[in-house]
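Me: I would like a close look at the largest pocket in this model, with enough of its surroundings to judge how far the picture can be trusted. Please take it slowly and keep it connected.

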Amino acid sequence: MIVRHDKNTLERDMPLARDRGIQLLGRSVQESDKAVAVLNARREIVWINPSFTKMLGYQSEDVIGRPLVSVLIGKATPSAVRLSLERLVNAKRGGLEEINGRDKFGNEITLLIYTDHIRDI
């Protein structure tokens with residue numbers, strides 16, 4: 001469907017369309033079956049979705065404010081795996097990598113981690 005807008009209507013409706021898009025995006029991330037963690041500029045977790053909790057066992061209060069690397073990597077994890085995850089999280093372009101991490105209970109799990117950098121506007 002194509003809707004024709006005059007300038008006044010377009011200026012009035014654009015913020016509503018943007019807000020609706022943001023709502024849909026937020027809802028799709030919230031309901032995703034993929035574990036999602038949002039990090040701040042210091043690479044600390046600021047938000048997780050329910051699938052993160054289901055897959056890794058962590059509640060929000062367990063991980064908010066912690067670096068993602070410290071959550072996913074245990075003390076017995078080889079340093080090469082830690083360095084690989086740190087490089088991925090700090091990469092300017094983001095990326096994709098499979099690593100052996102740990103859940104809240106110390107169980108080793110294989111994680112396919114995708115990162116992307118989205119600037120808060």
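Reply:

**The largest pocket and its surroundings**

Among the elements of the protein, α1 has the lowest mean pLDDT, at 68, whereas helix α3, residues 60–63, has the highest, at 96. This is a predicted model, and its mean pLDDT is 82, with 83% of the residues reaching 70 or more. Over residues 1–7 the pLDDT stays under 50, and for this stretch the model has two contacts beyond four places in sequence. Where pLDDT is low, the predicted coordinates should not be read in detail.

With that caution in place, the pocket itself can be described. The largest pocket holds about 1500 Å³ of space, and of the 35 residues that line it, V36, A37, V38, D116 and I118 are the closest to its centre. Two or more lining residues come from each of α1 (7–31), β1 (37–39), β2 (45–48), α2 (50–56), α4 (68–72) and β4 (108–115). The largest share, seven residues, is supplied by β4, while α1, which also contributes to the lining, is the element with the lowest mean pLDDT. In chemical character the lining divides into 24 nonpolar, five polar and six charged residues.

Several of these elements also take part in the largest nonpolar core. In soluble globular proteins, nonpolar side chains tend to be buried together. The largest nonpolar core here has 17 residues, of which F52, V63, V71, L72, L85 and I113 touch the most other members. The elements that give two or more residues to this core are β2, α2, α4, α5 and β4, and α4 gives the most, with four residues. L85 can serve as an example of how distant parts of the sequence come together: leaving out residues up to four places away in sequence, L85 touches V69, L72, I73, I99 and I113.

Beyond α4, in the loop between that helix and α5 (79–90), lies G74. G74 counts as buried because its relative accessible area is 17%, and the cut-off for buried is under 20%. Apart from neighbours within four places in sequence, G74 is in contact with R82 and R102. G74 and N100 are 26 residues apart in sequence, yet their C-alpha atoms are 10.0 Å apart in space.

Taken together, the pocket draws on both α4 and β4 for its lining, and α4 and β4 each also give two or more residues to the largest nonpolar core.

Definitions and conventions: Residues numbered from 1 in each chain as written. Predicted model: local features only at pLDDT ≥ 70, side-chain atom pairs only at ≥ 80, totals over all residues. Heavy atoms only, no water. 1 Å grid on protein atoms, 1.4 Å probe; cavity = no way out; pocket = protein on both sides within 12 Å on 5 of 7 lines; lining within 4 Å. Points joined across faces, edges and corners; volume = space filled by probe spheres on them. Nonpolar A, V, L, I, M, F, W, Y, C, P; charged D, E, K, R; others polar. Buried < 20%, exposed > 50% of the residue type's maximum accessible area, 1.4 Å probe, protein only. Contact = heavy atoms within 4.5 Å. pLDDT = per-residue confidence, 0-100. Core = buried A, V, L, I, M, F, W, Y, C linked by side-chain atoms within 4.5 Å.
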